Amino acid sequence: MKKVPSWRPPLVSICKKRPTMVRMAELCALISLISCCSSALSARLWASTGKAGERAAARPSMRAVRRIMGGVSSLGRLVEPNLGSNCGNRWKVPPGLISPSREHLMKFPARRLAARDLCGRCAQPEQPEQRRQLCNPRASGWSHTELQFTSGDTLMDNTARLALPFIMSGQALKHITHNDALNRLDALVQPVVESTRVTTPPVSPLSGEAWIVPSGASGAWAGHMDEIAAWQAGAWHFYDPAQGWQVFDRASGTLLVFTGADWVAVAATGAGLPQLGINTSAELTNRLAVASAATLLTHDGAGHQLKLNKASGSDTASLLFQSNWSGRAEMGLMGDNDWRIKVSPDGSTWTDVITIAADTAEMRVAGALNPAGDNAQTLGDGGARWSAVWSATGTIQTSDARHKTAIAPTDLGLDFIRLLTPVRFAWKGGDGRCHYGLVAQQVAEIAAQLDADFGGHVLADPSDPHSQQALRYDQFIAPLVRAVQELAERLDCLDGAHLRPVLSPPIAPTELQSLQGPA
């Protein structure tokens, strides 16, 4: 008798890119066909061999039938296109499609499928977070029957983390289970995806290439948001990530980690890292966020610059100082290219305290300009003079007796004034106009001649007599007043005392001592 060949159906071609219910119906029809063939074959063998040769002739043919049935026992591993999603359920089919007498032949492994592959009602593609929940049998409107071994025991047929299928004891076609596990390992160990922004499945992907499915994907990727879509064995396989999975994105050069809700970049080989939070959370506006007691930016052998760059002149490049997340001070280029310091009492009303014009270097001050200490600082010096000081009411000098000591009548008067030599001059490098005044060196000589310590003469460096010299012209007012008084007295003597009354000073010289402050 001709030996019956061991035939294994091409189930991959039957099951590719078909809905699960259609695949299961085809699978059940195939099982029924095999069952009919085996019954007919057994009957033919019994009719043709007779009792004497029954057992000898039937043995090889029955082995062939058992090989056919053994091939059926691993059919569950061949339905591959959508086995990557994790739902936590075993394969379940409507009762009645498979007769109880054939149920023991199936030996389906405990594969985790997406809820949509089980009943079509458990979750919708536009709600991917529901796909990660367990499929609810009652939500579909029909009951489920879990396929088991004939012993009735439900076994764990996959690894816990990556759902790699185990090879069952006595399982036929073990290479299918093994190759399936290798495909999953090839996609999930040292995983690399081509991009995370492609929404349409590529037309001609290379074997092994993978993508992270973004929101709004279409075609075969629809409903697989955030899953890893890998092109393997001529079909798309989808791997539902668990929290902590890491993938390298080739397009952006970033290392992505799945948080359980989204893929987040945590490192990059170039400029692909979109944001970074150190001890705090970063977001789209504050892409670099640091929460610490201090932040150190130090040199690498020489200097160090902190650069703030803006796109255009109307934009802002500044340092903002906040109190309880409300702005109080800001400095930088705000709205133009002039450098500003501005302050606010409440975070909404701002005053430009200092503004330095970028084109003229002119500095404008909004508030009062006071020295840090009383009567301790100078404005300019002998080598850094102001060319002109503009004032609406002139300078005000303190002349309170409570701030003075050793008060006495002036000893410089008409004799001092008569010795002064007023001059006309022009400043070197000045405006070219004629100016009138006194020469500091001559004033110093006259004061020395009269043995007077005249405060109107100033040395830039008091310890160096050859340093820059200057005059305080306000100090000449008292000698001038005294000179006028002396001239008036002489006129009175010439005109006769009886013709002009003598006016006594409002404060006698002896009373001046009582007005002065403590020494």
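**Strand pairing, salt bridges and surface features of the predicted model**

In the hairpin formed by β5 and β6, two strands with 2 residues between them, Ala233 adopts a positive phi near 55°. This feature belongs to a predicted model. The two strands of the hairpin, β5 (residues 228-232) and β6, are paired in the antiparallel sense over 5 bridges. Within this pairing, Ile228 stands opposite Tyr239 of β6. Strand β6 (residues 235-239) is mostly covered, with 5 of its 5 residues buried. Cover is found on both faces of β6: Ala235, His237 and Tyr239 are buried on one side, and Trp236 and Phe238 are buried on the other. Tyr239 therefore counts among the residues with under 20% relative accessible area.

At the level of the whole protein chain, 10 helices and 20 strands are assigned. The chain comprises 519 residues, of which 31% count as buried. Of the contacts between residues at least 6 apart in sequence, 43% join residues at least 24 apart. The accessible surface of the protein chain amounts to about 33,600 Å², and 55% of this area is supplied by carbon and sulfur atoms.

A further element of the fold is an open sheet of 5 strands, arranged in the order β12-β13-β14-β15-β16 with antiparallel pairing. The edges of this sheet are occupied by β12 and β16 (363-365); each has a single partner strand, so one side of each is left without a neighbour in the sheet. On average, neighbouring strands of the sheet are turned by 15° against each other, direction ignored. In general, the strands of a sheet pair through backbone hydrogen bonds, in either a parallel or an antiparallel arrangement.

Inside this sheet, strand β14 (residues 339-343) and strand β15 (residues 351-356) are paired in the antiparallel sense over 5 bridges. Lys342 stands opposite Asp352 of β15. The salt bridge of Asp352, however, is formed with Arg340, at an N to O distance of 3.1 Å between the side chains. Because Asp352 lies in strand β15 and Arg340 in strand β14, this pair ties together parts that are 12 residues apart in sequence. The two partners can also be described by their accessibility. Asp352 is partly exposed, with a relative accessible area of 33%, whereas Arg340 has a relative accessibility of 13% and therefore counts as buried.

The loop between β14 and β15 contains Thr349. This residue is partly exposed, having a relative accessible area of 46%. When neighbours within four places in sequence are left aside, Thr349 is in contact with Val343 and Ser344. A separation of 9.5 Å is found between the C-alpha atoms of Thr349 and Arg328, two residues that lie 21 residues apart along the chain.

In total, the structure holds 6 salt bridges. One of these is formed by Glu194 and Arg250, with the closest N and O atoms 3.2 Å apart. This pair links distant parts of the chain, 56 residues apart: Glu194 is located in the loop between β3 (192-193) and β4 (210-212), and Arg250 in the loop between β7 (246-249) and β8 (254-258). Another salt bridge joins the side chains of Arg482 and Glu486, at 3.5 Å from N to O. Arg482 and Glu486 are 4 residues apart in helix α9 (residues 477-495) and are therefore separated by about one helical turn. With a relative accessibility of 27%, Arg482 counts as partly exposed. Elsewhere, Asp336, Arg340 and Asp352 are joined into one network by salt bridges that share partners.

On the surface, a nonpolar patch is formed by Leu297, Leu306, Leu308, Leu319 and Phe321, which together have about 490 Å² of accessible area. Among these residues, Leu308 lies in the loop between β11 (288-290) and β12 (316-323). Leu308 has a relative accessible area of 46% and is thus partly exposed. The admission of a residue to such a patch requires over 30% relative accessible area, a cut-off that Leu308 passes because its value is 46%. The strand that follows this loop, β12, is also one of the edge strands of the open sheet.

Methods: Residues are numbered from 1 along each chain as its sequence is written. This is a predicted model: local features need pLDDT of at least 70, side-chain atom pairs count only at pLDDT 80 or more; totals for chains, interfaces and linings use all residues. Side-chain values use heavy atoms; hydrogens and water are left out. Buried means under 20% relative accessible area, exposed over 50%, partly exposed in between (1.4 Å probe, protein chains only). Contact means heavy atoms within 4.5 Å. Accessible areas come from the Shrake-Rupley method with a 1.4 Å probe; for residues, only the protein chains shown count as cover. Patches are made of residues with over 30% relative accessible area and no salt bridge: like charges are joined within 9 Å, nonpolar side chains (Val, Leu, Ile, Met, Phe, Trp, Tyr) within 5 Å. A salt bridge is a side-chain nitrogen of Lys or Arg within 4 Å of a carboxyl oxygen of Asp or Glu. Two strands pair if DSSP finds at least two bridges between them. Axes are lines fitted to C-alpha atoms, for helices over the stretch in contact, and angles run from 0 to 180 degrees between N-to-C directions.
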